[in-house]
Amino acid sequence: PISTKEAELHFNIKAEDLLYALKSIHVWVNDVPVYGIKGKAITGHAASVECTLTLSNEKNKITVSCINAQGVESYKEQFEIVYEGGAVNYTTYFIGIGVSHYQDSTFNLKYAEKDVSDLSKQLQLKNAKIVLLTNEKATKANILALKALLMKTSVNDKVIISLSGHGLLSKSLDFYYATYDIDFQHPETKGLLYDDLEDLLDGIPARNKLLL
């Protein structure tokens, strides 16, 4: 349908490749991947997948594609549907991560903690849910544990993650955010890989996401 008052949309995806096995189905709502960047795994030369989506408020642009075992992606199929279910409440989540005082104090900064704290005060005025991990709280384990909280969001929620502090390149040129207890000579031991940062936002229900 062009529009609906039902919060959930059900549709079927059929994919076929006569030459190569299929690998994954990908679905986006307003350009946000529903199944994460890796998609939904499938096998064989043909697949039929039942898809159930919670619609975002108002306009929903839904895009579907398939990737085979060779990494070749199909043309993207696309359709639009408007959700007319009325006003939808949402929650803003702000996660501030900032380190001014490191375990290795020779790398201390002046304003990193203040940056995220000042942002949190502004968003607190808008009734946002605030999580601050500053200085000794900003460890790799504590940051990765935020995924459990973000998985409890809803599709219309807004998630903002702001980081302030040092960024480092390893010898293999991978980027790491400098956690409180990082080894500045070997960032891969306790540093936070950029891929881990992206993974915090990947596959969560919330579709309005910002990483600063």
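# A tour from loop to pocket

Begin by selecting Asn127, which sits in the loop between α1 and β10. The model on your screen is a predicted one, and every stop on this tour describes that prediction. Asn127 is exposed, with a relative accessible area of 67%, and although Asn127 is not a glycine, its phi is positive, at about 65°. To see what makes this worth a pause, recall that most residues other than glycine have a negative phi.

**The whole chain**

Zoom out now until the whole protein chain is in view, and colour the chain by secondary structure, which comes to 4 helices and 15 strands. If you turn the C-alpha trace along its principal axes, you will find that it spans about 60 × 45 × 20 Å. Of the 212 residues in the chain, 42% count as buried. Among contacts between residues at least 6 apart in sequence, 66% join residues that are at least 24 apart.

**Helix α1**

Next, select residues 112–124, which form helix α1. This helix has 13 residues and reaches 19 Å from its first C-alpha to its last, which is close to the 18 Å expected at 1.5 Å a residue. Which residues of α1 are buried? They are Ala112, Val116, Ser117, Ser120 and Leu123, and if you look down the axis of α1 you will see that these buried residues fall within an arc of 125°, so they line one face of the helix. The spacing of such residues follows a general rule: an α-helix has 3.6 residues a turn, so residues three or four places apart point the same way. Rotate the view to the other side of α1, where Lys121 and Gln122 are exposed. To find what covers the buried residues of α1, show the strands around the helix, including β9 (92–98), β10 (129–134) and β11 (158–164).

**Helix α4 and the glycine after it**

Move on to helix α4, at residues 194–201, and pick out its buried residues, which are Leu197, Leu200 and Leu201. Seen down the axis of α4, these buried residues fall within an arc of 95°, so they too line one face of their helix. The cover over them includes two helices, α2 (140–144) and α3 (146–150), together with the strands β11, β14 (192–193) and β15.

Follow the chain past α4 to Gly203, whose phi is positive, near 80°. Gly203 lies in the loop between α4 and β15, and is partly exposed, with a relative accessible area of 25%. What does Gly203 touch, leaving aside residues up to four places away in sequence? Its partners are Gly36 and Met151. Draw a distance between the C-alpha atoms of Gly203 and Met151, and you should find a separation of 8.1 Å, although these residues are 52 apart along the chain.

**The largest pocket**

Stay with α4, for this helix gives the largest share of the lining of the largest pocket, 5 residues. The pocket holds about 260 Å³ of space and is lined by 14 residues, of which Ile37, Glu198, Asp199, Leu201 and Asp202 lie nearest its centre. Besides α4, both β4 (32–33) and β15 (208–211) supply at least two residues of the lining. Coloured by class, the lining shows 6 nonpolar, 1 polar and 7 charged residues.

**The second largest pocket**

The second largest pocket has a volume of about 230 Å³. Of the 17 residues that line this second pocket, select Ala15, Glu16, Ser65, Cys66 and Ser74, which are the closest to its centre. The elements that give two or more residues to its lining are β2 (8–16), β3 (22–29) and β7 (58–68). Which element gives the most to the lining of the second largest pocket? That element is β7, with 5 residues. By class, the lining of the second largest pocket has 9 nonpolar, 3 polar and 5 charged residues.

**Two last loops**

From β2, step into the loop between β2 and β3 and select Leu19, which counts as exposed at 68% relative accessibility. Display His45 as well: the C-alpha atoms of Leu19 and His45 are separated by 7.7 Å, while the two residues are 26 apart along the chain.

Finish at Leu173, in the loop between β12 (167–169) and β13 (175–177). Leu173 is exposed, with a relative accessible area of 64%, and its phi is near 70°, a positive value in a residue other than glycine.

Terms used:
Residues numbered from 1 in each chain as written. Predicted model: local features only at pLDDT ≥ 70, side-chain atom pairs only at ≥ 80, totals over all residues. Heavy atoms only, no water. 1 Å grid on protein atoms, 1.4 Å probe; cavity = no way out; pocket = protein on both sides within 12 Å on 5 of 7 lines; lining within 4 Å. Points joined across faces, edges and corners; volume = space filled by probe spheres on them. Nonpolar A, V, L, I, M, F, W, Y, C, P; charged D, E, K, R; others polar. Expected span 1.5 Å × (residues − 1). Buried < 20%, exposed > 50% of the residue type's maximum accessible area, 1.4 Å probe, protein only. Arc of directions from axis to C-beta. Contact = heavy atoms within 4.5 Å.
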